[in-house]
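Biologist: Please explain the terms used for this model, and show how each value is set against its definition.

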Amino acid sequence: MQATLDAFRDAIRQARDSHTPLRLRGGGSKDFYGQALSGTVLDTRAYRGIVDYDPAELVITARCGTPLAEIEDTLAGHRQMLAFEPPHFAAPGQGSSATLGGAVAAGLSGPRRQAVGALRDFVLGAQLMDGQGEILNFGGQVMKNVAGYDVSRLLAGSLGTLGLITEVSLKVLPVPFDDATLRFGMAQAEAIDQLNKWGGKPLPIAASAWHDGVLHVRLSGATAAVRAARESLGGETVDASHGAQLWAALREQTHPFFTPAREAGHALWRIAVPTVTPPLDLPGSTLVEWGGGQRWWLAPDASAASADHVRAIAQAAGGHATLFRNGDKAVGVFTPLAAPLAAIHKRLKASFDPAGIFNPQRLYPGL
């Protein structure tokens, strides 16, 4: 694998010297995400393989090009999992092309994020090749490695703008002993209120999703705890296989709600708000996840998807809005940063990538 690292280093230094942008890319499953793509592709998939995995330590370390499916299969063999459920976003009818490096760079989490935390919370350490072609190591393989500035977690969601993530160490968790999905018929406002009431109780709620008058709640944990929660919450118990399909479809955005965005190019917004926020005053279709904290909104037409309008509504609720799929990226995919935060981002970019060659403007225009 040293030869592959050397090839990466040569490509980075040539790009630096010629001021040629590089597009760091694994399987390309997240190409739709972020600002417009640019630069010569530097394919990371040749640098792959699990470096270290001790099930007893609940930590796995792997190279950036390692297929996400390979990591998940290895963990499943020991009844363990990536609890934050990173989406693969495989094309319909095709296998997953998602890689570990791409998953970390995108920083996306699935339905269980409500209960276990986000991807960045599971990053223990990372190895990065910077804009000079040098290898930098951050963090480690233990949970107590928290001295200094936590750069390894800073890489989560950076979309490759700081450097080439070559290796990552992640905390993993055991697969729950039991799992059940409950179904309730209720309006969005009632569902949000109910989820917040349940959220204040010691219930093993692992995920939730409301859409079109139906609330689904996923329970995970010890068998006795799941059984007691089912009796306490009521509702209709969903067949186990159908429940698993539902949460997988939400994770991979193959649920019918997302079809207009995936197939017809409708603008899909991800709106993060406090969980207690009432239904947002937006036309079109909404799907609520993470106990009310994540609202997916499908714009019915271009005029309804004004970035200023959507972001003003999100800001009024104490949140922010991201143009997740499609739409006019010229408005900025992510909510524009306040001047002090923008200055910090620029200083970080200059520190790791002084020539500005890595995924230029993929995260924010001008960065």
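**Helix α10 and the cavities**

Biologist: Why are D308, Q315 and A316 of α10 called exposed?

Modeller: Exposed means over 50% relative accessible area, buried under 20%, and partly exposed in between, with a 1.4 Å probe and protein chains only. D308, Q315 and A316 are therefore over that upper cut-off. This is a predicted model, in which local features need pLDDT of at least 70 and side-chain atom pairs count only at pLDDT 80 or more, while totals for chains, interfaces and linings use all residues. Residues are numbered from 1 along each chain as its sequence is written, and side-chain values use heavy atoms, without hydrogens or water.

Biologist: What makes α10 a helix, and which of its residues are buried?

Modeller: A helix is a DSSP run of H or I of at least four residues, a strand is a run of E of at least two, and both are numbered from the N terminus. Helix α10 covers residues 307-316, and its buried residues are A307, V310, R311, I313 and A314.

Biologist: How do you know that these buried residues lie on the same side of α10?

Modeller: They cover an arc of only 155° around the axis, which puts them on the same side. The arc is taken from the directions from the helix axis to the C-beta atoms. In general, an α-helix has 3.6 residues a turn, so residues three or four places apart point the same way.

Biologist: What covers the buried residues of α10?

Modeller: The cover includes β14 (268-272), β16 and β17 (320-325), where contact means heavy atoms within 4.5 Å.

Biologist: What makes a space a cavity, and how many are found?

Modeller: On a 1 Å grid over the protein atoms alone, a cavity is a set of points where a 1.4 Å probe fits but cannot get out. The search of the whole structure finds three of 30 Å³ or more. The largest holds about 310 Å³, a volume being the space filled by probe spheres set on grid points joined across faces, edges and corners.

Biologist: Which residues line the largest cavity?

Modeller: Lining residues have an atom within 4 Å of a point. There are 26, and L24, R25, G26, G102 and A105 lie nearest the centre. Helix α3 gives the most, with five residues.

Biologist: How does that lining divide into nonpolar, polar and charged residues?

Modeller: Ala, Val, Leu, Ile, Met, Phe, Trp, Tyr, Cys and Pro count as nonpolar, Asp, Glu, Lys and Arg as charged, and the others, Gly among them, as polar. The lining of the largest cavity has nine nonpolar, twelve polar and five charged residues.

Note on methods:
On a 1 Å grid over the protein atoms alone, a cavity is a set of points where a 1.4 Å probe fits but cannot get out, and a pocket is an open set with protein on both sides within 12 Å along at least five of seven lines; lining residues have an atom within 4 Å of a point.
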